[in-house]
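Dear colleague,

I am handing over the structure we spoke about, and below it you will find what came out of going through it. Please read the notes with the coordinates open beside them.

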Amino acid sequence: MKKVLMSLMSVVLLTGCKVELAPTVNLSDINSDTAKTISSKLIVEVTACADYKDSRNESSSLIQAKKGITEVFGDAKYIECYREKMDSKALFEIPITVGGKELTGDIQLANADFGGGLVVKMSPNLKTKIDKVSKSGMSKIQPSVTITLKNDTSENVDIVAHASYLNGKPMTVSTYTLLAGKENTFKLSDVSVSSAFDNGVSIIYEDLSNRMKLEK
């Protein structure tokens, strides 16, 4: 039995800690020149919610997740731990910035400076804190970003989506229409997430009418 438990622990350590940022935002706020702070879901995959010896106690992986998330996000709020199919997940809420022109806070979703669209910005400080937690913890953090965007304007918006899964469909540089009053989900590709952390910014989509002109 001891060998089995050790094997399972090894698998967990090798797979790492999956952390998903999952905000829901309005298009009008993205396009605003004035930045505002909203709460975003942060979902952390844990091995279990309850301790296997006593279900009244939290599991060690949940305790570790709480510690790691609060070290990265000082204002993080723990909501609950739940089971979804075969996975146990800890739900947190963290503040992020929406709209504005200058980088404010560690994570910001805003209109692109080149004339439209949506970009995600992340501060160098955030990457430093995540790297520190990954090195001090038992497993490496594997981040992902899924954005639910509601077009709360009265007009349809034609876009060019970049390196993401839009409503579950893979998009590289593909045109799409954000219908007025409708929600769409953008799940960033691994390349886009890496760009946000390593380069500080990643393009999610451009407005078709204002997209960047490539120099010849």
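The accessible surface of the protein chain comes to about 12600 Å², and carbon and sulfur atoms account for 54% of that area; please keep in mind that this is a predicted model, so every value here is computed from it. Of the 216 residues in the protein chain, 40% are buried, and the secondary structure consists of five helices and twelve strands. When the contacts in the protein chain with a separation of 6 or more are considered, 60% of them join residues that lie 24 or more positions apart.

Turning to the interior, the largest nonpolar core holds 46 residues, among which Val44, Phe73, Leu149 and Tyr205 touch the most other members. Strand β5 (residues 87-98) supplies the largest share of this core, namely five residues. In soluble globular proteins, nonpolar side chains tend to be buried together. With residues up to four places away in sequence left out, Val44 touches Cys17, Lys18, Val19, Ala65, Ile69, Ser88, Lys89, Ala90 and Phe92.

A second place that may be worth a look is Ser195, which sits in helix α5 (residues 190-199). Once its neighbours within four places in sequence are set aside, Ser195 is in contact with Gly200, Val201 and Ser202. Ser195 and Lys121 are 74 residues apart along the chain, and their C-alpha atoms are separated by 9.5 Å.

With best regards

Notes. Residues are numbered from 1 along each chain as its sequence is written. This is a predicted model: local features need pLDDT of at least 70, side-chain atom pairs count only at pLDDT 80 or more; totals for chains, interfaces and linings use all residues. Side-chain values use heavy atoms; hydrogens and water are left out. A nonpolar core is a set of buried Ala, Val, Leu, Ile, Met, Phe, Trp, Tyr and Cys residues joined through side-chain atoms within 4.5 Å. Buried means under 20% relative accessible area, exposed over 50%, partly exposed in between (1.4 Å probe, protein chains only). Helices (H or I, at least four residues) and strands (E, at least two) are DSSP runs, numbered from the N terminus. Contact means heavy atoms within 4.5 Å. Accessible areas come from the Shrake-Rupley method with a 1.4 Å probe; for residues, only the protein chains shown count as cover.
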